[in-house]
Amino acid sequence: MEFRNFIGGEWRETAAASANINPSDISDVIGYAAESDAAEIDHAVGAAKAAAVSWSASTPQQRFDVLDFIGSELLARKDELGRLLAREEGKTLAEGIAETARAGQIFKFFAGEALRGGGEAMASVRPGVGVEITRSPVGVVGLITPWNFPMAIPAWKTAPALAYGNAVVLKPAELTPGCAHALAEIIARSGLPDGVFNLVLGKGKVTGARLVEHRDTDAISFTGSAETGSEIAATCGRLRKKLQMEMGGKNPMVVLDDADLDLAVEACLNGAFYSTGQRCTASSRLIVAGGIHDRFVASLTGRIAALRVGNALDRATEIGPVVDGRQLDKDLIYLDIAAKEGGQVFGGQTLQRTTNGFFLAPALITETNSGMRINQEEVFGPIASVIRVEDYEEALQVANDTPFGLSAGICTGSLKHATHFKANAEAGMVMVNLPTAGVDYHVPFGGTKGSSFGGREQGAHAKEFYSKIKTSYTFA
Ligand SMILES: NC(=O)C1=CN([C@@H]2O[C@H](COP(=O)(O)OP(=O)(O)OC[C@H]3O[C@@H](n4cnc5c(N)ncnc54)[C@H](OP(=O)(O)O)[C@@H]3O)[C@@H](O)[C@H]2O)C=CC1
Ligand SMILES: O=C(O)CCC(=O)C(=O)O
């Protein structure tokens, strides 16, 4: 299978290509992906710019029809495309199918948003003058996406961009070109005019960087690491370019003494380890009150030991592989750091399976404190640590002791503590008696502090980034 660029309505090959490897079985080459140079980005941005004006004038019905078509096809093909996702990213089959369905629902949601559009009209403070507040597209939007949600994140950036009338250049992660290619293939048949959506595959440092610095991209939406985000922010700041970023997390899950133990254990198991812990919303810090701590750790380690780690395409698998060798090395380095800092590591061994992949046993690190590196730096693997605290007040203080602020959870039977936590957790998303990861597709997604920058993604609030406001005064 060849994964090519899609520019100006044409599929294009490049001179170089890179192998797309299945992390569950490194002998399985899924295909070869275009390895683009900066000139491909220039070509794509040119095509987007040429198409942007007419798409900005498209009717709500045209936008609805395109987005609804894409959403319907993703939903109809969720099993097939979910399998591709599991094969190239390592998420389990069930998770791959659910993510593909979520991408379809996102397109359907923004099809509706295209119809809702809207603006405001109000009287001026001056007699005889009317004021209108209208929205128009931003123009050409560059989308840079990570490997961990290779279908849903391109969907939740592309769908609002098109719904609010923008032209798009998508640069997906090098590790997961197949999902982006499949999405582009559907978009190519959706009735969207040529050039409005363009796909460029290749290395981020070449293609992503070019997309950010290109003078004809009007806005950039990025999801990925804090390091790359900082580079992008510096360039966009220099060029005064509109920017939205979603970066890492070090998400706390507080478990109070009055929590339902089974519910808390399941929420932590899901939040910390599902999707191999490779979610920016993963519960990587479990902050547990002293009265429940030992029972919680005993129950959670029992559940962890029983998790079936293996080939993502095997229906019995609960935890798939780590995405690649580089991420596996990073996970192992952090387990070593945590042990040297005095943490007790349960699990965390590399595992041999019949298929040769990047398998890591989920790990729980106990006896940690908030200052340790394992509790301050994002790892992005099936690894969580436990911090023992005295009471709710200490739990809240520890929960907020992080440079990140994406998602935060609490397991408690106390309405008083849940209400206080919702108000005072320094996070963009707060979960009560639910895992920190796994969000709805129709409401805002994003964080505070070092996790996010520049406006929320998803839900109707996405319009703040993907459109610009004009205020018009009329004296008649
Ligand atoms: N918040 C989140 O959802 C995610 C966080 N991460 C964190 O990042 C760590 C490293 O993962 P990694 O995949 O390297 O993350 P990156 O931030 O490097 O990658 C995210 C996206 O940015 C692109 N990119 C890379 N360098 C540049 C650049 N200089 N300019 C513009 N775009 C660029 C990448 O392309 P390419 O793939 O070709 O390099 C990819 O499309 C993980 O261990 C995890 O901690 C990772 C993924 C998602
Ligand atoms: O938790 C989720 O549902 C979404 C997580 C996410 O967007 C991410 O990890 O990048």
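**Close-up views of a predicted model**

**View 1. Helix H7 helps wrap ligand 1.** Helix H7 gives five residues to the shell around ligand 1, the largest share of that shell. Keep in mind that what you're looking at is a predicted model. There are 30 residues around ligand 1, and the ones that come nearest are Pro146, Gly204, Gly208, Gly224 and Ser225. Helix H7 (204-213), helix H8 (226-239) and helix H11 (325-340) are the elements that each supply two or more residues to this shell. What mix of residue classes do you find in the shell around ligand 1? Twelve are nonpolar, ten are polar and eight are charged. The shell also draws on both domains, with at least three residues from domain 1 (2-247 + 451-475) and at least three from domain 2 (251-432).

**View 2. Ligand 2 sits between the domains.** Go around ligand 2 and you'll meet Asn148, Phe149, Thr223, Arg279, Cys280, Thr281, Ala437, Gly438 and Val439. Sorted by class, this shell has four nonpolar residues, four polar ones and one charged one. Why does ligand 2 lie between domain 1 and domain 2? Both domains give residues to the shell around ligand 2, so that's where the ligand ends up.

**View 3. Domain 1 meets domain 2.** The domain assignment splits the protein chain into domain 1 (2-247 + 451-475) and domain 2 (251-432). Notice that domain 1 is written as two stretches of the chain, 2-247 and 451-475. Taken over C-alpha atoms, the centres of the two domains are 31 Å apart. Where they touch, 20 residues of domain 1 are in contact with 24 residues of domain 2. On the domain 1 side, strand E5 (25-34), helix H3 (78-89) and helix H4 (93-116) each bring two or more residues to the touching face. H3 has the largest share there, with four residues. That side of domain 1 is made up of six nonpolar, seven polar and seven charged residues.

**View 4. Helix H1 crosses helix H7.** Here's H7 again, this time alongside helix H1 (residues 38-56). Two numbers are handy for a pair like this: packed helices are described by the angle between their axes and the distance between the axes. For H1 and H7, the axes come within 8 Å and cross at roughly 40°. The crossing is right-handed. To find the contact, look for Ala38, Glu40 and Ile41 in H1, which meet Val206, Thr207, Arg210 and Leu211 in H7. By class, that contact holds four nonpolar residues, one polar and two charged.

**View 5. Strand E5 is in the middle of an open sheet.** Three strands make up this sheet, in the order E1-E5-E4, and their pairing is mixed. Strand E1 (2-3) and strand E4 (17-22) are the edge strands; each has a single partner strand, so one side of each has no neighbour in the sheet. E4 and E5 run antiparallel and are joined by six bridges. For a landmark, find Ala19, which stands opposite Tyr32 in E5.

**View 6. Strand E7 is in the middle of an antiparallel sheet.** This open sheet has three strands in the order E6-E7-E25, with antiparallel pairing. Which strands stand at the edges? They're strand E6 (120-123) and strand E25 (467-475), and because each has a single partner strand, one side of each is left without a neighbour in the sheet. On average, neighbouring strands here are turned by 20° against each other, direction ignored. Strand E7 (residues 129-137) pairs with E25 over nine bridges, in the antiparallel sense. One pair to look for is Pro137 and its bridge partner in E25, Ser467.

Terms used. Residues are numbered from 1 along each chain as its sequence is written. Chains are lettered from A and ligands numbered from 1 in the order in which they are written. This is a predicted model: local features need pLDDT of at least 70, side-chain atom pairs count only at pLDDT 80 or more; totals for chains, interfaces and linings use all residues. A residue is near a molecule or strand if its C-beta atom, placed from the backbone, lies within 6 Å of it. Ala, Val, Leu, Ile, Met, Phe, Trp, Tyr, Cys and Pro count as nonpolar, Asp, Glu, Lys and Arg as charged, and the others, Gly among them, as polar. Domain bounds come from an automatic or database domain assignment. Two residues are in contact if their C-beta atoms, placed from the backbone, lie within 7 Å. Axes are lines fitted to C-alpha atoms, for helices over the stretch in contact, and angles run from 0 to 180 degrees between N-to-C directions. A crossing is left-handed if the near helix is turned anticlockwise from the far one by less than a right angle, and right-handed if clockwise. Two strands pair if DSSP finds at least two bridges between them.
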